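The following report describes the fold and selected local features of one protein model. The sequence and structure are shown first.

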Amino acid sequence: MYTSKIQIAAILGLVLCTAPVNAADIEVTMLDKSETGGMLTFEPSFVKASVNDTIIFIPTNKGHNSSSLLVPDNAKTWKGPFDVEFRVKLEKEGVYLYACDAHKPMGMVGVVQVGNPVNMEEARKKVAEESAKMRMNKDRFTKALEQVK
Ligand SMILES: [Cu+2]
């Protein structure tokens with residue numbers, strides 16, 4: 001069948017317009033000590049992202065990983081390897097909570113907000129529950145969650 005250049009241009013235009021726009025890569029470093037003085041941190045510990053953005057966990061210091069603690073309904077959970085760069089694509093709207101498996105008791109935790117915080121009540125409960133078990137930096141998770149707007 002004959003397809004004109006105009007038809008091809010129209011189809012291409014449609015494909016380009018429906019492709020995800022500006023999906024961003026957001027780096028979160030895993031640190032023994034951050035510039036702001038905190039020990040055992042994800043930096044930044046709060047990230048505001050959009051649907052289809054990707055978080056890249058960077059093993060700047062050794063001995064850390066990233067594991068999800070809570071994700072929105074139908075979003076994928078994750079358990080990253082230690083000492084390897086690890087990517088998490090954020091496909092659903094809501095609040096994501098995560099921790100380093102080795103240093104969760106020391107408050108090595110983080111929060112990601114994607115679009116509207118549709119599961120904020122669940123996130124509040126989980127943060128309170130996990131913070132109660134921590135031995136250090138007990139207020140860090142709450143402070144990160146407070147940045148959800
Ligand atoms: Cu760690």
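Which residues does Leu-97 touch, not counting residues up to four places away in sequence? Leu-97 touches Leu-69, Leu-70, Val-111, Ala-123, Lys-126 and Val-127, where contact requires C-beta atoms, placed from the backbone, to lie within 7 Å.

This is a predicted model, in which local features need pLDDT of at least 70 and side-chain atom pairs count only at pLDDT 80 or more, while totals for chains, interfaces and linings use all residues. Residues are numbered from 1 along each chain as its sequence is written.

**Overall architecture**

The protein has 3 helices and 8 strands; these are DSSP runs numbered from the N terminus, with helices being H or I of at least four residues and strands being E of at least two. From the N terminus on, the elements run α-β-β-β-β-β-β-β-β-α-α. Of the 149 residues, 30% are buried. A residue is buried if 20 or more other C-beta atoms lie within 10 Å of its own, exposed if 12 or fewer, and partly exposed in between. Among contacts between residues at least 6 apart in sequence, 65% join residues at least 24 apart.

**The two sheets**

One open sheet contains 4 strands in the order 2-1-4-6, with mixed pairing; two strands count as paired if DSSP finds at least two bridges between them. Strand 2 (39-43) and strand 6 (86-89) each have a single partner strand, so one side of each is left without a neighbour in the sheet. Neighbouring strands of this sheet are turned by 15° against each other on average, direction ignored; such angles, on a scale from 0 to 180 degrees between N-to-C directions, use axes that are lines fitted to C-alpha atoms. Strand 1 (residues 25-33) and strand 4 (residues 54-58) run parallel and are joined by 5 bridges. Thr-29 stands opposite Ile-58 in strand 4.

A further open sheet of 4 strands has the order 3-8-7-5, again with mixed pairing. Its edge strands are strand 3 (46-49) and strand 5 (67-70), each of which pairs on one side only. The average turn between neighbouring strands is 30° in this sheet, direction ignored. Strand 5 and strand 7 (residues 94-99) run antiparallel and share 3 bridges; the bridge partner of Ser-67 in strand 7 is Ala-99.

**Core and helix 2**

The largest nonpolar core has 27 residues, and those with the most contacts inside it are Ile-55, Tyr-96, Leu-97 and Val-112. Such a core is a set of buried Ala, Val, Leu, Ile, Met, Phe, Trp, Tyr and Cys residues joined through C-beta atoms within 7 Å. Strand 1, strand 2, strand 4, strand 7, strand 8, helix 2 (120-132) and helix 3 (140-145) each supply at least two residues of this core. The largest share, 5 residues, comes from strand 7.

The buried residues of helix 2 are Ala-123, Val-127 and Glu-130. Seen down the helix axis, they fall within an arc of 75°, so they line one face of the helix; the arc is that of the directions from the axis to the C-beta atoms. These buried residues pack against strand 5, strand 7 and helix 3. The face turned away from the buried side carries the exposed residues Glu-121, Lys-125, Ala-128, Glu-129 and Ala-132.

**Individual residues**

The table lists three residues with their locations and numbers of C-beta neighbours.

| Residue | Location | C-beta neighbours inside 10 Å | Class |
|---|---|---|---|
| Leu-40 | strand 2 | 24 | buried |
| Asp-83 | loop between strand 5 and strand 6 | 13 | partly exposed |
| Gln-113 | strand 8 (residues 109-114) | 23 | buried |

Leu-40 has a positive phi of about 55° although it is not a glycine. Asp-83, likewise not a glycine, has a positive phi of about 65°. In the loop between strand 2 and strand 3 lies Pro-44, which a cis peptide bond joins to Glu-43, with omega about -5°.

Leaving aside its neighbours within four places in sequence, Gln-113 is in contact with Lys-48, Ala-49, Val-95 and Val-148. The C-alpha atoms of Gln-113 and Gln-147 are separated by 9.0 Å, with the two residues 34 apart along the chain.

Terms used:
Contact = placed C-beta atoms within 7 Å.
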